[in-house]
Amino acid sequence: MAIRNIRTMGDRILTKKCRTVDEITPKIRTLIFDMLDTMYDACGVGLAAPQVGILKRIVVIDVGEGPYVLINPVITETSGEQTGDEGCLSLPGKSGTVTRPNIVTVNAYNEHMEPFTLTGEGLLARAICHECDHLEGIMYVDHVEGELHDVQYEEQEEDE
């Protein structure tokens, strides 16, 4: 598949609400694969379609448990609270403190338009909330407590 350009903060598409996906077309299927490739290439844990310039309600997430594809996700239940550093592929090199629910349940459709329910805790719950916000035109900076700060990424050493 292909690596797509990730839109960065300031791009107006990131402030718009996304449209519902009614059916899986070849174009939508390609978009999903491209989003996964793009997320992995950028070393992210989640990516929403508007971040690659498409106003569709599609999210991909992988916090190390294998990828989840969420089409038309709706958060149905939240509980608990977690506060921690959060970043975004659309604002590289920055992060900020955000409080999110610690447990989140979401109803969505998979890449075959089959309905499913996913409950996530910790990082998965944070990622679900973060990516679903993107579908509403909301970025995490709208939730940041205090100031954004620079993030230093450790470079991985290649095996010899």
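Author: Let's start with one definition: two strands pair if DSSP finds at least two bridges between them. Also keep in mind that the model you're looking at is predicted.

Reader: Okay, so how many bridges join S1 to S2?

Author: These two strands run antiparallel. One spot to look at is Ala48, which stands opposite Val59 in S2. Pairing takes at least two bridges, and the count between S1 and S2 is three.

Reader: And how many bridges join S2 to S3?

Author: S3 covers residues 68-79, and it runs antiparallel to S2. Here you can spot Ile58 standing opposite Ile71 in S3. The number of bridges joining S2 to S3 is four.

Reader: Which residue in the turn of the S2 and S3 hairpin has a positive phi?

Author: S2 and S3 form a hairpin, and six residues sit between them. In that turn, a positive phi of about 105° belongs to Gly64.

Reader: Let's zoom out. What order do the strands of the five-stranded open sheet have?

Author: The pairing in this sheet is antiparallel. S1 (46-48) and S7 (115-121) each have a single partner strand, so they stand at the edges with one side left without a neighbour in the sheet. On average, neighbouring strands are turned by 35° against each other, ignoring direction. Put together, the order is S1-S2-S3-S6-S7.

Reader: Which strands does helix H1 touch where it packs on the sheet?

Author: H1 spans residues 26-41, and its direction makes about 35° with that of S2. Packed on the sheet, H1 touches S1, S2 and S3.

Reader: At what angle to S7 does H2 run?

Author: First, see what H2 lies across: S1, S2, S3, S6 and S7. Against S7, H2 runs at about 125°.

Reader: Which residues of S2 are buried on its two faces?

Author: In a regular strand, side chains alternate between the two faces of the sheet. S2 has both of its faces covered. One side has Ile58 and Val60, and the other has Val59 and Ile61.

Reader: Which element gives the most residues to the largest nonpolar core?

Author: That core has 26 residues, and Val59, Ile61, Ile128 and Tyr140 touch the most other members. Two or more residues come from each of S2 (58-61), S6 (103-109) and H2 (123-135). The top giver, with seven residues, is H2.

Reader: What does Val59 touch, leaving out residues up to four places away in sequence?

Author: Val59 is one of the core members that touch the most others. Among its contacts beyond four places are Met35, Tyr68, Pro73 and Glu131. The full set is Met35, Leu47, Ala48, Tyr68, Val69, Leu70, Pro73, Glu131 and Leu135.

Reader: How many residues does the other core have?

Author: This other core lies apart from the largest one. Its members include Ile24, Ala49, Val60 and Val69. The number of residues is 16.

Reader: Does Asp133 count as buried or exposed?

Author: Asp133 sits in helix H2. Beyond its neighbours within four places in sequence, Asp133 is in contact with Arg100, Ile138 and His143. The cut-off for burial is under 20% relative accessible area. At 16% relative accessibility, Asp133 therefore counts as buried.

Reader: Which side chain makes a polar contact of 2.5 Å with the side chain of Thr99?

Author: Thr99 is in strand S5 (residues 94-100). It touches Glu81, Gln82, Thr83 and Glu145, not counting residues up to four places away. Its side chain makes a polar contact with that of Thr83 at 2.7 Å. The polar contact at 2.5 Å is with the side chain of Glu145.

Reader: And how does Thr99 count at 29% relative accessibility?

Author: Buried needs under 20% and exposed needs over 50%. With 29%, Thr99 falls in between, so it counts as partly exposed.

Reader: Last one: what is the radius of gyration of the chain?

Author: The chain has two helices and eight strands. It is as compact as a globular protein of that length, because its radius is close to what the globule rule gives for 160 residues. Buried residues make up 44% of the chain. The radius of gyration is 15 Å.

Methods
Residues numbered from 1 in each chain as written. Predicted model: local features only at pLDDT ≥ 70, side-chain atom pairs only at ≥ 80, totals over all residues. Heavy atoms only, no water. Core = buried A, V, L, I, M, F, W, Y, C linked by side-chain atoms within 4.5 Å. Buried < 20%, exposed > 50% of the residue type's maximum accessible area, 1.4 Å probe, protein only. Contact = heavy atoms within 4.5 Å. Axes fitted to C-alpha atoms, helices over the stretch in contact; angles between N-to-C directions. Polar contact = N/O pair within 3.5 Å; in protein donor to acceptor, adjacent residues only side chain to side chain. Rg over C-alpha atoms; globule rule 2.2 N^0.38 Å.
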